Amino acid sequence: MSLKVLIAGGSGNLGIKICKSLLKTNYKLINLDKKKLKNFDKINFINFDLTKKINKNNLPKNINIIIFSAGHIGGLDSVKNDTAEKYFKYNLYTLSNLLENIQNSKLKKIVFFSSEQVYGDNQSNINKKKNTFYEPEPKNYYGVSKLMAEKYLNYYYNFYDRKFGIDILRIPRVIDLSQNSLLYKLLNDCSVKKKIEITNIKEKFNFIFMDDFLNVLTLVTKQKKKLFRILDLGSKDCKSFSIIQIVKMIDKTINTKTKILTKNKIFTHNPVNLKIDYNFSHKSLKQYPKWSVRKMIELVSTKYGFK
């Protein structure tokens, strides 16, 4: 029997790719969003605004898997006090609003999209000496809202006596072949402008290629153990990269000499110097990422003919 999968936020940029990927499975897909996707006739669409009061009768019944992709992405404004309410509304309230009202008697798995922004500066995720997770200390309201959503899910998991599994995916920057990706923008600057301005030389970024991310998502929906897991995702490199390091790889790939201009700011909304240990995630998933950052650069460069 086909499993019924509810995708909350399936019409967003990431949600669209999730829908396309899961169409390859035998799941019965339901997209819960405010905007209907075009050319997705095989996916049942329910027009829904999770920020508003829910009529339980309008929610689908007998859902087996919930993929929660809805929410508000972070950015420069996430450190401003007047944005706190917005991030909590879209990243925490929407989640609790759905789970408090949906029928969960047939539920087998919840997959929640969190972020590496739950971490603060110089943080690691695992205390290797004690073999325990460190408590994250986010530095922006986006990270705080995601961390609070994780804690709510842990409460929800225990309240219902662990009768279903919950997988929290702490996602870094997802790289695809679109012109919206950070690697495309850096490649374009190096190729066309021959120079790039860096506002904080201490910033380092983790990445995951879209194919690796979608493979993880498909895998966790198929894993049946009723566990509560926090899974840190990343590239094959298992490390972060500064913009300077990425530019050097780009220069080597497309044979350019990019001038790097630095205007080092003291504060950045992004966590600095993260030290993520991916061993737990890899062992728990029994799957490893295939794409390194260098390979991502080569792929994007080839697609757009950068040289």
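**Entry 1: a pair of helices**

I started with helix H6 and helix H8, and found that H6 passes H8 in a right-handed crossing. I note here that I am reading a predicted model. For H6 (residues 243-254) and H8 (residues 293-304) I read a packing angle of about 50°, with the axes 10 Å apart. That angle makes H6 oblique to H8, because angles under 35 degrees would count as roughly parallel and those from 65 to 115 as roughly perpendicular. I then listed who makes the contact: from H6 there are Ile246, Met249, Ile250, Lys252, Thr253 and Ile254, and from H8 there are Val293, Arg294, Ile297, Glu298 and Ser301.

**Entry 2: the sheet**

I next traced the strands, and found an open sheet of 7 strands in the order S3-S2-S1-S4-S5-S8-S13, with parallel pairing. Which strands stand at the edges? They are S3 (44-47) and S13 (228-232), and since each has a single partner strand, one side of each is left without a neighbour in the sheet. Neighbouring strands of this sheet are turned by 20° against each other on average, with direction ignored.

I looked more carefully at the S13 end, where S8 (residues 165-171) pairs with S13 in the parallel sense over 5 bridges, and where Ile166 stands opposite Phe228 of S13.

**Entry 3: helices on the sheet**

I then asked what packs on these strands, and noted that helix H1 (residues 13-22) touches S1 (4-8), S2 (28-33), S4 (65-68) and S5 (109-115), its direction making about 165° with that of S1. Helix H2 (residues 84-99) lies across S1, S2, S4 and S5, and runs at about 165° to S4.

**Entry 4: the nonpolar cores**

I went on to the buried side chains, where the largest nonpolar core has 30 residues, and where Ile66, Leu98 and Ile110 have the most contacts inside it. At least two residues of this core are supplied by each of S1, S2, S4, H2, S5, helix H3 (141-159) and S8. Which element gives the largest share? I found that it is H3, with 5 residues.

I picked Leu98 for a closer look and, leaving aside its neighbours within four places in sequence, found it in contact with Leu6, Ala8, Leu32, Leu50, Ile54, Leu59, Ile66 and Phe68. Apart from the core of 30 residues lies another core, of 27 residues, which includes Val5, Ile67, Leu219 and Leu231.

Conventions: Residues are numbered from 1 along each chain as its sequence is written. This is a predicted model: local features need pLDDT of at least 70, side-chain atom pairs count only at pLDDT 80 or more; totals for chains, interfaces and linings use all residues. Side-chain values use heavy atoms; hydrogens and water are left out. Two strands pair if DSSP finds at least two bridges between them. Helices (H or I, at least four residues) and strands (E, at least two) are DSSP runs, numbered from the N terminus. Axes are lines fitted to C-alpha atoms, for helices over the stretch in contact, and angles run from 0 to 180 degrees between N-to-C directions. Contact means heavy atoms within 4.5 Å. A nonpolar core is a set of buried Ala, Val, Leu, Ile, Met, Phe, Trp, Tyr and Cys residues joined through side-chain atoms within 4.5 Å. Buried means under 20% relative accessible area, exposed over 50%, partly exposed in between (1.4 Å probe, protein chains only). Angles under 35 degrees count as roughly parallel, over 145 as roughly antiparallel, 65 to 115 as roughly perpendicular and the rest as oblique. A crossing is left-handed if the near helix is turned anticlockwise from the far one by less than a right angle, and right-handed if clockwise.
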